[in-house]
Structure formats: structure tokens, C-alpha cells
Amino acid sequence: MGKENVIVALDIGTSKITTLIGDIDDSGNLVVAGFGEAPSMGIEKGIIVKPNDVISAIRKSVDEAESTAGSKISGVIANVSGYHIECRNDAEKIEFNTSQKIITQMDISQLIEKVASKIQPQKENLEVIHIIPKKYILDNEDEVIDPIGLVASKIEGKFHIVLDKINAYTNLKKVIESSGLRVIDFVANPIASATAVLYPEEKEMGIVVLDIGAGTTDMAVYKDGSIEYIKSFPVGGNQVTMDIAHRFKVSKEEAEKLKTSYGAAIPDFEEGEIIEVYPRGSEEPIHVDQLDLVDTIEARLSEIFEIAKRELEELGYLGKVNGGVVLTGGVAKTPYIKELAESIFGLDVRIGKPKAYTGFSDKVAFPEYATSIGMLLFAKNKVSSMNTQPVSNSSSFDILKIGKSLIEKIKSIF
Ligand SMILES: Nc1ncnc2c1ncn2[C@@H]1O[C@H](COP(=O)(O)OP(=O)(O)OP(=O)(O)O)[C@@H](O)[C@H]1O
Ligand SMILES: [Mg+2]
């Protein structure tokens, strides 16, 4: 691993805490150079409920990643998720005094400052997570992605803003710091997952990403090439497991095994297998019909899709996402989930696995790592969009060693 180009993602999920050490190679590509994972404890529906349990799970995950990579971790990119994240779209303009002017980074920063000044974090009890540029319009006409160096007399910037409730944000930061780590930056789950699984043409056509994890379903909507809307619903695979546990009176562990070994989103058989299971506290087995198991899973997954569909309908996005839906997160591994989603949304559906990286693919080439890989990719893109110059005498940047001022500068850009 090249020591200088390191980004670390700490993905705190409801079922697992994953630490990925990402190395940026000389061609600017992401190579996963370290992997650590621990079962998550103390998180429910993306919310910290037992901080000390979360801290020990973080330490376990980070220690494992350090030993696989043979290097120490100090700073991390962490994720924010849960029903308390919210988003807005906003725009701001600058008219230059001169008739024509070359647009500089200063002008972009000024636009972002204007947008940021309208948010009143203290009053609204919110923390700004992202201010993501969507596009710029020059002289009311030309739409551009990167206006720096172009000439105009007027520039308008359109931005997507992601906010988190200040208490949730502060608690998360405290827990990570109590684990002996420094938080360099935060990425919202829906943005991270979408970054890992989407193709540019899908963003152009309009697309919805649904990352269905254990505790949350994170939704991102892209339209005309950029992010339009995000939402985190407090529902996920844990509810499917609990439904199975209730219906068949088995333990949560047994229900999870039943789900992942025999489950499906819709039945592809007329007669299911008869499965022998032991109800809680009983030594006498009972027999579960696989059709009943699939029926339980189908009911809950349908409800999750209906919740997402209703939101898209209410916001007017449903008719505008011609690219369809991408499903990711651990629940996307449920057999026939694509077919169930297609029947509910009436749109094309595909399963999204993380892309645009190499290394540890035996561990991370699966839907449940879309967020972790996406966090690394998002941070990498952010740094390269800043056109970061080498720091100190190293031949490349080290995001873990970049001073606070530069990190703050990066933060203000996205
Ligand atoms: N083969 C499978 N079939 C059905 N469900 C599965 C399968 N494999 C994993 N899951 C489910 O995926 C969920 C875990 O997904 P993931 O790892 O993406 O969640 P997480 O990141 O820990 O949680 P969250 O992001 O919601 O906080 C669990 O509910 C698990 O039961
Ligand atoms: Mg997750």
C-alpha cells in the first residue's frame, strides 16, 4: 500500500461496522488495501442506542482493518444515516460588475457561502453535511458542470444540501472520537451508496437507488445528471427477520438463518420445502412450509417498496425516473427481489453492487458494501475535484495527514 494516499471509511451500520482502508494509486484509482468488520451492537434503525457497545464494535472493526493493512488508522470518513437526515435544493446567483469575467474558485466559494448563509443551523437544530453542486448556469443560458475558467457576466449555482439533526450528529461524532479516531468528514448513506453503484447515464435518465440494510432503507433520487432528493426510512431487513421470528415463534437468530437459507421475495415454486425448526424454548421441532416463509418476507418487502413508491409519487419523481430503480444493501441479496420491486414500481430494476475499485473483492463485491465503497469513492472524488496539490514533500496527498484547514476547505465545497 502506498502510505501517502490513504482514505479510511468507517461504515457504521445496524448489522455490521465495516472499516475499509482505501489507497489511491498513481492513476487515481481506488484500491481497497485493508478490511475490518465487526457485528454492530448498540445501533437500532441507524440510531445509536448503546454508545459503549458501539465504541467496542468500532474498535474491533478498526483493529482488524489495521492488521490486514499493516498500518495505523487515525482519521476516518464516517457515515450519517437514519430518519433524521433531510435534504433541500437551493440556488444562488452572482452578477459580475464587468460585462465578462473569468470564473474562479473564489466565485464558486462565494455562491456556496450565499447558499450556506440561508441555512440557520442553530435555529433549526441542524448540522450541514453536504452542499453538493448540481450544475451552474452561465448568463441564463449555458448549463455547465465545472465553470472554473469559463467566461460569463452572470453565474447561477444549483446545489443539493444534506442536513442532519444536530443531536444525532454530535452523538455520532462523540462515539467515534471515544473510539480513539478523528472524524475527517461525513458522508450521508444514500449519497455514498449511489456513488458506488450508479453509472453516469443512469443519473442523466433519472434513477432511484434504494439501499435496504438491516435497520434503514436509504433512498437517493438522481435526475438530469445530479442528486435531487435523499431520504432514510427506518425500515429494513431486521423487520423481515422479526416478522419471521413472530410468525414461527423462533429466536431472532433462527429466523435470520431461515430467511437467508430458504427465503425469497416471491415464490418460484408451487410447493415449498418443509423445513424443520425449533421454536423458542422448545425441544420439539415444528414444520414450516417454505411458502409461508416466503409469504412473510414478501409482505414486509412489499411494504418497504410501497413506502418508497408513495414518497416518490408525492414528490412527483415517479414518472421522471426513466432509468428505473437500483436495489442495493444486504437485503438486495434476497432471491427474486428484483421481480418483486419491478411489479410494485412498474419500472426496470437492477441489483447494484459496488464498482470502480479493486482489492478485497472477495469481501466487498456485494450489495451490502455499496455504502462503504461509496464513502471512499465520494471522498476520493471530493479531493480530486479540489485539485489538491501535494502536501509537504510527498509526491501525493494523504487525506489523513492533510491539515484541518484544507479539510475544512474541502468540506465547504461539497
Ligand atoms: N441472502 C440474503 N437474503 C436476505 N436478506 C439478507 C441476505 N443477506 C443479508 N441480508 C440482510 O441484509 C441486512 C444487512 O444489510 P446491510 O449489511 O446492508 O445492513 P447494515 O449496513 O448493517 O444496516 P443499515 O445500513 O440499515 O444501518 C440484514 O437484515 C440481513 O438479514
Ligand atoms: Mg448500511
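Start with overall size. This is a predicted model, and the protein chain has 414 residues, for which a compact globule would have a radius of gyration near 22 Å. The chain comes out at 23 Å, so the value agrees with that expectation. Along the principal axes, the C-alpha trace spans about 85 × 50 × 45 Å. Of the 414 residues, 45% are buried.

Secondary structure next. The protein chain has 13 helices and 20 strands. If you take the contacts between residues at least 6 apart in sequence, 69% of them join residues at least 24 apart.

Now the domains. The assignment gives three entries: domain 1 is 1–74 + 354–414, domain 2 is 86–165, and domain 3 is 192–352. Domain 1, then, is written as two segments, 1–74 and 354–414.

Let me stay with domain 2 and domain 3. Their C-alpha centres lie 36 Å apart. The contact between them takes seven residues from domain 2 and five residues from domain 3. Which elements supply the domain 2 side with two or more residues each? Those are β7 (86–95), β9 (126–138) and β12 (154–165). Of these, β9 gives the most, with three residues. By class, this side of domain 2 has three nonpolar, two polar and two charged residues.

On to the ligand. How many residues surround ligand 1? There are 25, and the closest are Gly13, Thr14, Gly213, Gly237 and Gly330. Two helices give two or more residues to the shell, namely α7 (237–248) and α8 (252–262). Gly237, one of the closest residues, is also where α7 begins.

Which domains each give the shell at least three residues? Domain 1 (1–74 + 354–414) and domain 3 (192–352) do. Two of the closest residues, Gly13 and Thr14, fall in the 1–74 segment of domain 1. Gly213, Gly237 and Gly330, also on the list of closest residues, fall within 192–352, which is domain 3.

For anyone setting up charges around the ligand, here is the make-up of the shell: 18 polar residues, five charged and two nonpolar.

Last, the database record. An unreviewed UniProt entry carries the annotation "domain: SHS2" over residues 7–197. In the model, that span is 31% helix and 44% strand, and its end C-alpha atoms lie 19 Å apart. The annotated range of 7–197 takes in the whole of domain 2, at 86–165. The annotation starts inside the 1–74 segment of domain 1 and ends inside domain 3, at 192–352.

Technical notes: Residues numbered from 1 in each chain as written. Chains lettered and ligands numbered in written order. Predicted model: local features only at pLDDT ≥ 70, side-chain atom pairs only at ≥ 80, totals over all residues. Helix = DSSP H or I, 4+ residues; strand = E, 2+ residues; numbered from the N terminus. Rg over C-alpha atoms; globule rule 2.2 N^0.38 Å. Buried ≥ 20, exposed ≤ 12 C-beta atoms within 10 Å, placed from the backbone. Contact = placed C-beta atoms within 7 Å. Domains from an automatic or database assignment. Nonpolar A, V, L, I, M, F, W, Y, C, P; charged D, E, K, R; others polar. Near = placed C-beta within 6 Å. UniProt positions renumbered as here; feature names shortened; annotations may be inferred.
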